[in-house]
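Open the model in your viewer and colour it by chain. The tour below goes stop by stop, with a selection for each.

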Amino acid sequence: MSSHAAHFESDSHRHETAELGMWVFLATELMFFGPLLLGYAVGREMYGQAFAAASRHTDVVIGTINTAVLLTSSLFMALAAAAVRSDRTRMTMRCLLLTAALGVVFLVLKGFEYLSEWQEHLVPWADFRFEPRLRQGAGYFYYLYFAMTGLHALHLTIGIVASIVFALRLRVNSARALASQVGVTGLYWHFVDMIWVFLYPILYLVERHG
Amino acid sequence: MNARQDPVSRLVWIWLTLLVLLAVTTASAYVDLGAGNSIANLIIAAAKAALIALFFMHLRRSDATVRVAAGAALLFLFFLAFLTFGDYLTRPMHPAPWRSPQESTLNPHAV
């Protein structure tokens, strides 16, 4: 049984079109995160010492655990994509739900991190306190920190919702019918993971040895 | 579509490699390598991103149009960075008259 619309020649044509569409969307997403990364590079160049000091105030334990959590979620998403392509509906559903659960674990840990940063007066727009000599550069760092991690968390939330929606739809639809949707959600999820792979060292690991 | 599929064992190996790279990048941050710290971090991050793109996003087996879309994204990010740094790294920055001298000295370019 085929599940493609009339304007597609075959299921695989449909799948390829959906994939290309997602890749083009991800290219525009890179333009969304790109300027933040660039703003970071300029700030690091201008306020190197302050960025190093500010980075040492981030919670490297939570940051590292969260990186491992996201990498693991990407494995389950890749397994979901493999399962959906071999038409294993229940396996796909389980993998999608595990992926979403790990995404929620990430967000909960991130929430605890934000809370302790709030208590340590590291939020630049709310009673920010830092060594006066480095205050300006550290404020720049924490503006970027909240903008980057906030934007990332928003993307992750969208990914979690999409994973849950498609997992639930697999209760009534076959894996074959949702193969494109699950595959494309996977591409999006891996992209969000890839963004974090770059955020982790530039936010948490600047001159840790100091 | 089955022809495009990676075996589960390979996906697990990629995941293990990613975790090892994470451990290496974290450990390296605690050793003073000077500028080498940032370089090591970025190379490892790029390696992790490449593994995710090639295997998890199966870019390795994607057709040319998909590769062009992915390549275009990187190319435009490069333009953005190249033109911005062409400006920031070559133009002397002068403190604005209304900024206090203390603020201005925070900026190495202003000295």
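**Stop 1: chain B**

Select chain B and follow it along the sequence: the pattern is α-α-α-α. That makes four helices and zero strands. Keep in mind throughout that this is a predicted model.

Now colour chain B by burial. Of its 111 residues, 19% are buried. Then draw its contacts, keeping those with a separation of 6 or more. Residues 24 or more positions apart account for 40% of them.

**Stop 2: chain A**

Switch to chain A. From the N terminus on, its elements run α-α-α-α-α-α. The chain has six helices and zero strands.

Orient the view along the principal axes. The C-alpha atoms of chain A fill a box of roughly 70 × 30 × 30 Å.

Repeat the burial colouring here. Buried residues make up 43% of the 210 residues in chain A. Repeat the contact map too. Among contacts between residues at least 6 apart in sequence, 78% join residues at least 24 apart in chain A.

**Stop 3: where the chains touch**

Show both chains together. How many residues of chain B are in contact with chain A? The count is 44 residues of chain B, set against 43 residues of chain A.

Select the chain B side of this interface. α1 (8–29), α2, α3 (64–88) and α4 (101–106) of chain B each supply at least two of its residues. Highlight α3(B) next: with twelve residues, α3(B) gives the largest share of the side that touches chain A.

Colour that side of chain B by residue class. You will find 29 nonpolar, ten polar and five charged residues.

**Stop 4: one helix pair across the interface**

Select residues 179–204 of chain A, which form helix α6, and residues 36–56 of chain B, which form helix α2. Hide the rest. The two helices pack with their axes 9 Å apart, at an angle of about 170°. Angles over 145 degrees count as roughly antiparallel. α6(A) and α2(B) are therefore roughly antiparallel to each other.

Turn on side chains for the contact:

- From α6(A): H190(A), D193(A), M194(A), V197(A), F198(A) and P201(A).
- From α2(B): N41(B), A45(B), K48(B), A49(B), I52(B), A53(B) and F56(B).

Finish by colouring these residues by class. The contact of α6(A) with α2(B) divides into nine nonpolar, two polar and two charged residues.

Key. Residues are numbered from 1 along each chain as its sequence is written. Chains are lettered from A and ligands numbered from 1 in the order in which they are written. This is a predicted model: local features need pLDDT of at least 70, side-chain atom pairs count only at pLDDT 80 or more; totals for chains, interfaces and linings use all residues. Axes are lines fitted to C-alpha atoms, for helices over the stretch in contact, and angles run from 0 to 180 degrees between N-to-C directions. Angles under 35 degrees count as roughly parallel, over 145 as roughly antiparallel, 65 to 115 as roughly perpendicular and the rest as oblique. Two residues are in contact if their C-beta atoms, placed from the backbone, lie within 7 Å. Ala, Val, Leu, Ile, Met, Phe, Trp, Tyr, Cys and Pro count as nonpolar, Asp, Glu, Lys and Arg as charged, and the others, Gly among them, as polar. A residue is buried if 20 or more other C-beta atoms lie within 10 Å of its own, exposed if 12 or fewer, and partly exposed in between; C-beta atoms are placed from the backbone.
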